[in-house]
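Let's walk through this model together, one question at a time. The structure comes first, and then we can talk about what surrounds the ligand.

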Amino acid sequence: MLAKARPAVRDVLDLGCGGGHVAAHLKDRFRLTLVDISEEMIEVSRRLNPGCEHVRGDMRSVRLGRAFDAVLVHDAADYITTEADLRLVLGTAAAHCRPAGLALFAPDHLKDDFRESAGRGGGGDPSGAQASFTEVTWDPDPADDWIRSDYEFTLRGADGAVQVVRESHRLGAFSLATWERLLREAGFDPAEPPAGAGGPGARPPAHLILGRRPGRG
Ligand SMILES: C[S@@+](CC[C@H](N)C(=O)[O-])C[C@H]1O[C@@H](n2cnc3c(N)ncnc32)[C@H](O)[C@@H]1O
């Protein structure tokens with residue numbers, strides 16, 4: 001999609017880059033600047049994407065003092081759970097998007113089509129260590145803007161020692177109308193994906209919300 005965008009995209013700011021797995025797919029085609037609040041995650045991304053600039057920062061407040069052709073908030077958008085914080089993140093995106101630049105948000109959940117779900121997964125490595133997890137995602141209160149994912153991880157070391165770790169994540173689930181209203185407030189025009197975006201074999205994110213800054217590129 002970024003490759004098909006017009007005006008052409010070269011410089012991309014990835015907010016909430018995590019371990020840099022999305023960036024790893026983009027770095028050959030775009031000049032990436034990667035921001036995350038966690039030094040540990042930045043360290044993982046640095047190892048995967050050594051040629052990219054990394055900055056530790058909070059996507060609600062970071063200001064790099066320069067503008068990009070596109071700002072991407074992939075699944076880190078899930079960690080925004082209040083309208084006030086979403087407004088701040090959109091403000092950060094607007095502050096770093098040049099005129100006619102694009103902002104892309106890929107939240108896993110929208111209030112409009114949220115369904116409870118359960119899943120499991122896992123794997124092992126050649127040493128014999130194994131990890132498996134179960135996940136249940138549900139909505140404690142449909143009136144608010146967040147849902148909950150409860151995880152249970154079972155970690156079995158190569159020596160057979162077993163550790164069970166439980167985590168609950170609070171994740172944002174705003175309505176599309178809220179996204180669009182706050183995008184407009186931040187100075188973006190809600191936009192459609194460019195024609196021909198995606199392509200054979202490409203799996204689109206669950207939700208893709210686009211805003212374009214007014215002006216000429
Ligand atoms: C699911 S991970 C992102 C994974 C990433 N898309 C990848 O390709 O590896 C979510 C990331 O968002 C980061 N994050 C959460 N809140 C943040 C904030 N306020 N500012 C910056 N990063 C944040 C977390 O530290 C975490 O690394």
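Q: How many nonpolar, polar and charged residues make up the shell around the ligand?
A: Good place to start, and do keep in mind that this is a predicted model, where local features need pLDDT of at least 70, side-chain atom pairs count only at pLDDT 80 or more, and totals for chains, interfaces and linings use all residues. Residues are numbered from 1 along each chain as its sequence is written. Here Ala, Val, Leu, Ile, Met, Phe, Trp, Tyr, Cys and Pro count as nonpolar, Asp, Glu, Lys and Arg as charged, and the others, Gly among them, as polar. By that division the shell has seven nonpolar, seven polar and four charged residues.

Q: Which residues come nearest to the ligand?
A: A residue is near a molecule if its C-beta atom, placed from the backbone, lies within 6 Å of it. There are 18 residues around the ligand, and the nearest are G16, G18, H21, V22 and A76.

Q: What is the strand order in the open sheet of seven strands?
A: Strands (E, at least two residues) and helices (H or I, at least four) are DSSP runs numbered from the N terminus, and two strands pair if DSSP finds at least two bridges between them. The pairing in this sheet is mixed. β3 (53–56) and β10 (189–191) each have a single partner strand, so one side of each is left without a neighbour in the sheet. The full order is β3-β2-β1-β4-β5-β11-β10.

Q: What angle does the direction of helix α2 make with that of β3?
A: Axes are lines fitted to C-alpha atoms, for helices over the stretch in contact, and angles run from 0 to 180 degrees between N-to-C directions. Helix α2 (residues 39–48) packs on the sheet and touches both β2 (31–36) and β3, with two residues in contact if their C-beta atoms, placed from the backbone, lie within 7 Å. The angle with β3 is about 175°.

Q: Which residues of the largest nonpolar core touch the most other members?
A: A nonpolar core is a set of buried Ala, Val, Leu, Ile, Met, Phe, Trp, Tyr and Cys residues joined through C-beta atoms within 7 Å. Buried means 20 or more other C-beta atoms within 10 Å of a residue's own, exposed 12 or fewer, and partly exposed in between, with C-beta atoms placed from the backbone. This core has 41 residues, and those touching the most others are V12, A70, V71, V73, A93 and A103.

Q: Which residue is the bridge partner of V71 in β5?
A: Strands β4 (residues 68–73) and β5 (residues 97–105) pair in the parallel sense over five bridges. The partner of V71 is A103.

Q: What is the order of the open sheet formed by four strands?
A: Its pairing is antiparallel, with nine bridges joining β7 to β8. β6 and β9 stand at the edges, so one side of each is left without a neighbour in the sheet. The order is β6-β7-β8-β9.

Q: How many of the 11 residues of strand β9 are buried?
A: Strand β9 (residues 162–172) is joined to β8 (residues 146–156) by 11 bridges, and the two run antiparallel. β9 lies largely in the open, because its number of buried residues is one.

Q: Is S61 buried or exposed?
A: S61 sits in the loop between β3 and β4. There are 11 other C-beta atoms within 10 Å, so S61 is exposed.
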